[in-house]
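Hi,

Here is the structure I promised to pass on to you. Have a look at it first, and then read my notes underneath.

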Amino acid sequence: MVTKIDITTVQTNLDMAKTDVASISPERLPDSIYDAIITSAQRYTDKAAIRYILDGDCLGPTQIPFAKKAIHQLLKLVKGKAFAAPYREISYQEVAKQVTQVSNALQSFGIGRADVTSIIMPNFPEMYFSLWGAETAGIANPINPLLEANIIKEIITTAGSKVLIALGPVPGSDIWQKTLAIKDDIPALEAVISLFGDDMPVSANNKVPVYSFEKLLAKQNGQQLNVEKPKQNDICSYFHTGGTTGLPKLAKHLHLNEITNAAQMNLVSPMEPSDSVLIGLPIFHVNAAITGLASMMLGSTILLAGPSGFRGKHVIQNLLTLLDNFDIAFMTAVPTVYAGLLQSLSAEKTPPIRPKNMKLALCGAAPLSPDLQAKFINKTQVNLVEGYGSTEGTAVSTIMPVNSVATRTAVGLTIPGMVLRIGEIDSNGQLIRLCDFDETGEILIMGNNVFPGYVDNKHNNALWVTTPAGEKMVRTGDLGMLDNNGYLSLCGRQKELIIRGGHNIDPKMIEDVAAAHPEVLLAAAVPRPDAYSGELPVLYLTLVEHSSVSSDELESFMKANVPERAAMPKMIHVIDEMPLTAVGKTFKPALVCLEIKHVIDLALAETFKENKYSIHVQPDKKYGIIATITIEILIDEPATQAHIKALLADYSFNYHVVCTEKFILESL
């Protein structure tokens with residue numbers, strides 16, 4: 001048995017099984033997230049735990065634009081604010097101090113083990129301090145800052161938050177405006193802590209007091225907690241995840257869940273303590289939250305790519321230079337980031353520089369097309385692999401080896417220390433049987449990284465199933481299959497989520513808005529495959545009889561009322577009749593099939609307009625949904641097949657091409 005295995009060398013589940021999972025057993029892991037941070041601070045003391053750049057033209061510690069330095073110094077001198085700092089470096093010892101101070105500050109407001117602190121903040125280092133400090137004092141509830149104010153309010157209210165930590169009045173951000181708009185209407189909220197903001201005592205117009213983050217922390221003991229440290233089985237966080245109720249569901253994480261998943265990542269990662277990891281995904285999402293914790297536990301260095309992460313100025317444009325100058329060994333991102341980097345490289349005349357210390361790039365949260373993967377590896381000479389995970393499994397459940405022996409598109413091998421199975425589930429949510437190799441069913445997970453359930457108990461109905469061996473497993477809602485080497489292939493979703501560039505969108509959010517229009521009878525939001533974002537939301541509507549509402553009016557109504565910008569439908573289709581199941585429910589797979597057909601038709605129409613072709617898309621027991629493309633007239637069959645494959649290379653849906661009487665299997 002080995003205590004660490006490098007995902008760049010393994011090939012099958014037998015290789016994964018060589019790891020000593022006892023090394024990540026509860027007895028061998030830290031007692032809590034706080035304990036993990038303190039242990040690393042004692043071991044690595046003055047070593048850089050976090051490096052931070054304001055945006056992508058801050059190319060290195062000694063390559064900061066003069067104008068940025070000057071603006072930072074001016075703002076600090078005149079306003080006493082440090083939000084424009086172009087570069088910061090925080091040691092392990094300082095991280096531990098700040099986390100301790102945040103925890104003690106929250107405890108001074110009465111936050112105990114079962115109390116919740118919500119956090120609305122972009123990727124400043126203080127986001128990590130606040131997350132880990134809130135998890136130490138009680139329960140952290142990080143929230144997507146891009147959500148509209150009313151959704152943020154509902155999440156904070158549902159969580160029962162007593163304290164809110166939010167970014168203050170910083171140029172270019174509307175977080176503080178949202179905070180002011182909602183804070184006095186949240187029932188349990190007793191205090192707001194404002195990063196880069198000022199104190200605002202209670203007054204007639206200010207029911208909930210505001211405290212300056214910096215001033216508050218300066219008063220706190222940074223060497224020792226004021227109360228007892230948390231334990232492994234204490235709840236540490238609520239992470240919001242897509243649901244089918246119109247609002248995000250809150251998933252509970254234990255300290256054990258998060259430190260286990262971080263340890264699992266370190267067990268299979270090529271990273272060493274001397275390496276650095278780039279974090280550009282938002283920290284409110286489990287991916288960046290757990291990647292950051294894994295780095296802290298390993299003793300490596302985090303590079304935060306600015307408050308806006310990969311969305312920040314010049315970050316994608318200068319990404320390879322940043323990876324090289326900061327000696328980055330590992331990064332994780334969504335497909336749109338890698339696609340954006342390729343577009344940026346294609347626009348440049350100079351050849352790309354392979355980052356000298358880069359070991360691995362990981363893609364998650366949305367499907368990665370094989371073509372994008374191949375182009376990225378060819379252009380950058382950096383290994384790019386896919387992973388699969390969910391908030392319910394904390395973050396990561398599978399990871400793809402670099403030297404894969406999978407015979408079809410897959411998302412990797414199950415990480416050590418957890419169990420992943422495929423099950424046939426009936427309409428009541430009961431397990432009928434476990435599936436054999438190469439059979440499609442629902443993905444089931446179990447392990448110390450798997451969460452204990454949702455905050456609202458109604459979401460826990462039919463969440464667990466028990467196998468014949470007595471294993472209590474969580475249903476993920478995703479469909480997949482395993483091959484005999486342990487590779488997991490995704491075959492679709494039972495959960496009705498639309499994943500746009502790694503961002504989960506609940507279709508009910510869109511449907512509820514549309515249904516509120518007086519002339520809408522039925523509404524169904526479904527994903528449309530997209531070469532850049534993976535999926536885009538589209539909306540299908542049926543209208544009341546004799547309706548005269550126009551498409552422009554419907555679009556204006558949706559724009560005015562959809563509570564999340566990313567959820568605005570890319571297209572609105574008015575149809576005569578909504579597809580329904582036998583019991584009268586909307587049959588969304590039929591609409592998803594229609595969207596896939598539209599995308600294929602658009603991709604093929606120009607090239608094959610002289611040829612006869614047909615497209616048939618249907619649900620498939622083995623592959624989820626599959627498209628059949630039939631070319632009836634061919635001049636050069638191999639060239640035609642290759643051309644269709646090239647036209648559809650950026651999409652992740654399954655399809656096959658039928659050329660005359662021959663059956664060619666593609667993209668499976």
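Below is what I found, taken region by region.

One thing to keep in mind: this is a predicted model.

**The sheet**

Let's begin with the open sheet of three strands, which has the order β26-β27-β28 and mixed pairing. Which strands stand at its edges? They are β26 (520–530) and β28 (571–574); each has a single partner strand, so one side of each is left without a neighbour in the sheet. If you ignore direction, neighbouring strands here are turned by 25° against each other on average.

As a reminder, strands of a sheet pair through backbone hydrogen bonds, and they can do that in a parallel or an antiparallel way. You can see both here. β26 and β27 go together in the antiparallel sense, over ten bridges, and a hairpin of three residues joins β26 to β27. If you want a spot to zoom in on, Ala524 has Tyr540 in β27 as its bridge partner. On the other side, β27 (residues 534–543) pairs with β28 in the parallel sense, this time over four bridges. There, Leu539 stands opposite Ile572 in β28.

Two helices go with this sheet. Helix α14 (residues 507–515) packs on the sheet and touches β26 and β27, with its direction at about 145° to that of β26. Helix α15 (residues 551–561) lies across β26, β27 and β28, and runs at about 130° to β28.

Is β26 largely enclosed or open, given that it is an edge strand? Eight of its eleven residues are buried, so β26 is largely enclosed by the rest of the structure. So an edge place in the sheet, with one side lacking a neighbour strand, goes along with a strand that is largely enclosed.

**A pair of crossing helices**

Next, look at helix α5 (residues 125–137) and helix α10 (residues 286–298). They pack at an angle of about 85°, and their axes are 12 Å apart. That angle makes α5 roughly perpendicular to α10, because anything from 65 to 115 degrees counts as such. From α5, the residues Tyr128, Leu131 and Trp132 meet Ala288, Ala289, Gly292, Leu293 and Met296 in α10. What kinds of residues make up this contact? Seven are nonpolar and one is polar, with no charged ones. The polar one is Gly292, because Gly is counted among the polar residues.

**Two residues with positive phi**

Two loop residues caught my eye for their backbone. Asp327 has a phi near 55°, which is a positive value in a residue other than glycine. You'll find Asp327 in the loop between α11 (319–325) and β12 (328–333). Thr394 is not a glycine either, yet its phi is positive too, at about 75°; Thr394 is in the loop between β14 (384–388) and β15 (398–399).

Are these two buried or exposed? Asp327 is partly exposed, with a relative accessible area of 35%. Thr394, on the other hand, is buried, because its relative accessible area is 0% and the cut-off for buried is under 20%.

**Cysteines**

Finally, how many disulfides are there? The count is zero, taking a disulfide as a pair of cysteine sulfur atoms within 2.5 Å. As for individual cysteines, Cys58 is buried, with a relative accessible area of 0%. Cys435 is buried as well, at 15%, which falls under the 20% cut-off.

Cheers

Key. Residues numbered from 1 in each chain as written. Predicted model: local features only at pLDDT ≥ 70, side-chain atom pairs only at ≥ 80, totals over all residues. Heavy atoms only, no water. Buried < 20%, exposed > 50% of the residue type's maximum accessible area, 1.4 Å probe, protein only. Axes fitted to C-alpha atoms, helices over the stretch in contact; angles between N-to-C directions. Parallel < 35°, antiparallel > 145°, perpendicular 65-115°, else oblique. Contact = heavy atoms within 4.5 Å. Pairing = 2+ DSSP bridges.
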